[in-house]
Amino acid sequence: MAPLIAINTTAGTGSEMTKFTIITDTSRKVKMAIVDKHVTPTFSINDSNLMAGMPPALTAATGLDSLTHAIEAYVSTAATPMTDALALEAIKIVPKYLPKAYVNGKDMEARNYMMYAQSLAGVAFNNASLGYVHAIAHQFGGFYNYPHGVCNAILLPYVCKYNLIARTERFATIAKALGENVDGLSDYDAALKGIAAIERLAKDLNIPSGFKEMGAKEEDIPTLAENALKDACAATNPRKGRVDDVANIIKAAM
Ligand SMILES: [Fe+2]
């Protein structure tokens, strides 16, 4: 590939520094995830001054995309101690600073921390990959052209609930990293508290509660589910599902 300098303006997708990229086939309405080291930018610039002008809705969507990167990388089947450290740090930062960046885009401390968190999450998922949140979100993005971060934010709690029994201890650690008090709770109950915190954060940032209110149709669920399992991000989800399982996750998120 020709040398590529990527200058990031959101916090963020991580695409300025990862081997992940997306091509949308508009005729088939399919977003194809391409994962190859050759599409990694040669050089990337992250400057939070370039993020100060993001409107609140874009701040929320891209910020929750970062949180999704960190959580999916942390529970991925390809996670390593190194990606864990990066992912957990990002999970700690997002709930503290994303609401601040959302209510006041000129809060440069919040913008800086979100820029840092999205970079950590980017390196984490570049190495540990992602899971069903992204695999399904890509289908909603391709089929209906919905914003990527919004799709992730809607799906994240439902996929976490599905994955819970495969990574109970890890979801309990996520709850703690999110700032929840889990003293005296079992791992399972702590994990549920973490998922509730994720739902609350999305609600606070005015993310739609489901895909129906965005116009998605129940009759499209079988196609969305089938294509999600073919997405490159599905391979590292910690719980392997069949088309029916994925369809049930989508139904719950409608
Ligand atoms: Fe993403």
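Half of this protein is tucked away: of its 254 residues, 50% count as buried. The model is a predicted one. Its C-alpha atoms fit in a box of roughly 50 × 45 × 35 Å along the principal axes. Contacts also tie together distant parts of the chain, since among those with a separation of 6 or more, 74% are between residues 24 or more positions apart.

Counting up the secondary structure gives 9 helices and 4 strands. Read from the N terminus, the order is β-β-β-β-α-α-α-α-α-α-α-α-α. The radius of gyration comes out at 17 Å, close to the 18 Å that the globule rule gives for 254 residues, so the protein is as compact as a globular protein of that length.

Now for a pair of helices. Two packed helices are described by the angle between their axes and the distance between the axes. Helix α2 covers residues 81-103 and helix α3 covers residues 108-128; their axes lie 8 Å apart, at an angle of about 150°. Angles over 145 degrees count as roughly antiparallel, and that makes α2 roughly antiparallel to α3. The crossing of α2 past α3 is left-handed.

Which residues make the contact between them? On the α2 side they include Leu86, Ala90, Ile93, Val94, Tyr97 and Lys100. From α3 come, among others, Arg111, Met114, Ala117, Leu120, Val123 and Asn127. Sorted by type, the residues of this α2–α3 contact comprise 18 nonpolar, 2 polar and 3 charged.

Technical notes: Residues are numbered from 1 along each chain as its sequence is written. This is a predicted model: local features need pLDDT of at least 70, side-chain atom pairs count only at pLDDT 80 or more; totals for chains, interfaces and linings use all residues. Helices (H or I, at least four residues) and strands (E, at least two) are DSSP runs, numbered from the N terminus. The radius of gyration is taken over C-alpha atoms; the globule rule is 2.2 Å times the number of residues to the power 0.38. A residue is buried if 20 or more other C-beta atoms lie within 10 Å of its own, exposed if 12 or fewer, and partly exposed in between; C-beta atoms are placed from the backbone. Two residues are in contact if their C-beta atoms, placed from the backbone, lie within 7 Å. Axes are lines fitted to C-alpha atoms, for helices over the stretch in contact, and angles run from 0 to 180 degrees between N-to-C directions. Angles under 35 degrees count as roughly parallel, over 145 as roughly antiparallel, 65 to 115 as roughly perpendicular and the rest as oblique. A crossing is left-handed if the near helix is turned anticlockwise from the far one by less than a right angle, and right-handed if clockwise. Ala, Val, Leu, Ile, Met, Phe, Trp, Tyr, Cys and Pro count as nonpolar, Asp, Glu, Lys and Arg as charged, and the others, Gly among them, as polar.
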